[in-house]
Amino acid sequence: MRKILFIIQKEFKQIFRNKAMKPILFVMPFVQLAVLSYTADFTVKNINLFVQDMDNSVLSKELISKIAAFNNFNLKEISNSYKKGFYKIQQNNIDVIVSIPQNFSKNLQTNKKTEVAIIADAINGTKAGVSINYLQNIILDFTKEQASKKGFTNIKQGVNIIKRNWFNPLLNYKLFMVPGILVLLVTMIALFLSGMNIVREKEIGTIEQLNVTPIKKYQFIIGKLLPFLILGIFEFSIGLIIAVLWFKVPILGSITLIYLFTIVYLILILGIGMLISTITNTQQQALFLAWFFSVIFILMSGLFTPIESMPVWAQNITLFNPIRYYVEVIRLIMLKGSSFSSISNNFIIISFAAIFVNLLAVFNYQKTV
Amino acid sequence: MRTFKSFVSKEFKHIFRDKRTLVILFGMPIVLVVLFGFAITTEINNAQIGILNLSKDSYSVKLENKIVSSGYFKINNELQSYKQISELFSKGNVKLVVVIPDKFGKNLINNKNVNIQVITDASDPNTANILSNYLSAIIHDFSNEENIITQSNIIINTELLYNPENKSVYMFVPGVMTIILMLISAMMTSITIAREKELGTMEILLVSPLKPIIIVIGKIIPYLLLSLINAITILLLGLFVFGMPMNGSYILLGLEILLFVLSSLILGLLISTISNSQQTAMLISLMGLMLPTILLSGFIFPISSMPQILQIISHIIPAKWFIIIIKSIMLKGTGFQPIAIETYILIITTIILTAITIKKFKIRLE
Amino acid sequence: MTAEKVIKVKKLNKTFGKFIAVNNISFDVKKGEIFGFLGANGAGKTTAIKMLTGILSSTSGEATVAGYDINKQRNKLKENIGYMSQKFSLYEDLTLKENIRFYGGIYGLSNKQIKQKTNEVLERLNLQKIENTLISEIPLGWKQKIAFSVAIIHNPKIVFLDEPTSGVDPITRRQFWNLIYQATQDGITVFVTTHYMDEAEYCDRISMMVEGNIKAIGSVEQLLVKYKSKNMDEVFIKLARNNENI
């Protein structure tokens, strides 16, 4: 046990001695947490609109001002040239063109049909869809108003949709993103530090010296794991404080449970790092592998895009993604106040994976000797 | 010139000697682009939902059928009471519950107000938003078909430019291509100089008569070649695996790719010159680049929806400009004019990065 | 009365695939002697030393070091040996004192012992002034002396030195050998590999290794007489040529 303490002490000294490392470990993650948590918002706002008004009548102007009054639209330009609008779409300055035809007013007043065209840049399909939906509703409202002005009374009520957002009534994206980004940052730090560690000693040559000492494999691996575990928990705690105090993310569930799961999860991630470290020969190789896995883990975690939207085979891949489980658990505990029984499945999976991966790392380390 | 040649050939040897690394470098982008090209989308199919149908009349059943036949939703649970809703959510599988009120059909026929409740699990607001938008559209359609909406004299024609089938591939594949290309390029060069520092060979380079700019160029050339091979692979995957159209000029696209790759490589080299060990370089290039590039480039989340200050910060992310460029050329088939500003920004960024790198490099010389 | 044998090697073999790195070597090392393990680069010296220190398993044959079987009692063995390699084994980003403390700790020394040993080493090498200096800032010659002191920090029965003096100037090499003599006076057996033939003369007994085989073994005088040579270089050349003729 004493021997392990000496390794831990040595690792800490090496971490803290590296001047360039300190800001990376203690400033960058928190800046990123604070800044990037604001980015993840799928709500379509600020749609840039171009209106081609070929009618130039009172009614067409009324419709345009109704569109312009809508919150999410920025009416950039009104013109009678379609070409101009199209060029602006090419330049990415305009998202949607609304085209009001000649005789718009005349046809409406004589109760004839008239056609309004909506042309959307559909590369961002979501944005296009939402814009069209907004416009349809505005135009529908416009017709209802016109109808009631003319004294029609048989206006149908239609179906109202009442949306209720549970657990996060204001659709505050930060509540959702902050725990997730915190998880990503802690994971990346733990994975990279442990992934580079043993291979670094291999490259420098000190591993050979350690191999001739009577230190046992498990002592060695534990001595290497613990400093990063402590560091990881420290990072997580600071992040959690930022989440609660700055972003006002609630912690509805048990903090003990959060920490318990975090520790098991970190042991798994550090084990993966150690495994990478034992199977590679140079830091460069370790770096590439760690990079490869972290990109996959991050983008397939369900944090940025829903797992439900992936094809089935890709959904199956996410079953091997530890971040997926951790994000799920953190959200369940913090935002929904779930107890152990709701997260027990994830807990068991992560625990088994942690044991398995660490055993594999110890075994692999033995083989390299 | 001869010293330069031998320097470049040394760099090539470093890279090609290590077969394992080479496999990783060429294999990774293929795996990642294929994986993410399919997996990164916000289109949701077969989402599990719960339905609480309080009227069970023919209208409500018709609506239920319409919801299921849309393909977006799958009914996980037919609920009997309000109480069961929170129970269902806490299990975590179901993201949305629809509540159809009592006397649904009767009220519809009598032209009374009918309220359908759509309750989402908004602890994941993105999924909640997407799903409730789908559902609104379905209910809207339903009202239309059942003649519940006032007939209008205004006929709305909609046209989806560049992406008539509304494929989300068009939205995300260019982003995936950009992100992977950028991160791999920057990562490759980020440890080259740090590595020489750590192995002690840097001193030898510094006492050699090579000028800093020559060393920088010599470091870049082999990786530029590797990155271009990667870029071509990624482009081919985009065209043939994901069916991206190519409406613009290949020459223009090639030049823009060259520019973008160059800026990423130099960014990596800059990281390398300011770090004292491979470990530091790696942490900066990964921790510092990965999340900001993914999140601030507009790859997944629309930049226009971000707070003003972040919109400004996003301007310094080269990936943001390249995503616009690649979408414009491939999907819109534009020429140089509409993307001139984006291109100039990339050129200026590259020049600034190069200047800082060389300056940092010189400081070490003194 | 014959001295106690601390290393006993019988028909030790190591093959990597078809390549025979060490071919049936047998020898003994007596307690307290300086045993030189000579040979050209690639003769199999490092492979042999790795097996004797328990980092590499042998393909066949038997050997005990400090009384422990090299394959079966590795942990016991490792507690009783020290090792210093040609590659640098000190942590560059730790100070001199921290390195001593770390290695002392993993060999199970108590804090008191570590303190005492640290003072001893600093005193012997006269390095008190730089005890808190990072290893990366210490000149190579000093580093090697420190590395040796660290390798015997736990008073091992035997210390293995793998090319300890490669790359240093003759004066430092001389000083380094003085340290080795001091260690033997404390009862430590020294097993040293080198490809500097002149260093052989510092050893009590030497063995000559050529392409995995031990070609000759004995004291310097015995070998000079046996091979009718003026110095060890000549002995070596004769042995190597002999090998080619076969």
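Guide: A salt bridge here is a Lys or Arg side-chain nitrogen within 4 Å of a carboxyl oxygen of Asp or Glu. Keep that in mind as we look at this predicted model, where the rule finds four salt bridges across the interface of chain A and chain C.

Visitor: Why is the pair Glu208(A) and Lys50(C) called a salt bridge?

Guide: Their closest N and O atoms are 3.6 Å apart. The cut-off is 4 Å, so the pair qualifies.

Visitor: Which helices of chain A supply at least two residues each to the side that touches chain C?

Guide: Helix H1 (2-17), helix H8 (173-204) and helix H9 (206-211) each do. H1(A) gives the most, with nine residues.

Visitor: What makes up that side of chain A, by residue class?

Guide: It divides into eleven charged, eight nonpolar and seven polar residues. Asp, Glu, Lys and Arg are what count as charged, so Glu208(A) belongs to a charged type.

Visitor: How many residues does each chain bring to the contact?

Guide: Chain A brings 26 residues and chain C brings 30. Between the two chains there are also eleven residue pairs in polar contact, both partners at pLDDT 80 or more.

Visitor: What is the area buried between chain A and chain C, and what share comes from carbon and sulfur atoms?

Guide: About 2,700 Å², with carbon and sulfur atoms giving 56% of that.

Visitor: How confident is the predictor about chain C?

Guide: Chain C averages a pLDDT of 86, on a scale from 0 to 100, and 97% of the residues score at least 70. For the model, the scores are ipTM 0.80 and pTM 0.82.

How values were computed:
Residues are numbered from 1 along each chain as its sequence is written. Chains are lettered from A and ligands numbered from 1 in the order in which they are written. Side-chain values use heavy atoms; hydrogens and water are left out. Contact means heavy atoms within 4.5 Å. Buried area is the accessible area (1.4 Å probe) that two parts lose on being put together, summed over both. A polar contact is a pair of N or O atoms within 3.5 Å; within protein, one must be able to donate a hydrogen and the other to accept it, and residues adjacent in sequence count only if both atoms are side-chain atoms. Helices (H or I, at least four residues) and strands (E, at least two) are DSSP runs, numbered from the N terminus.
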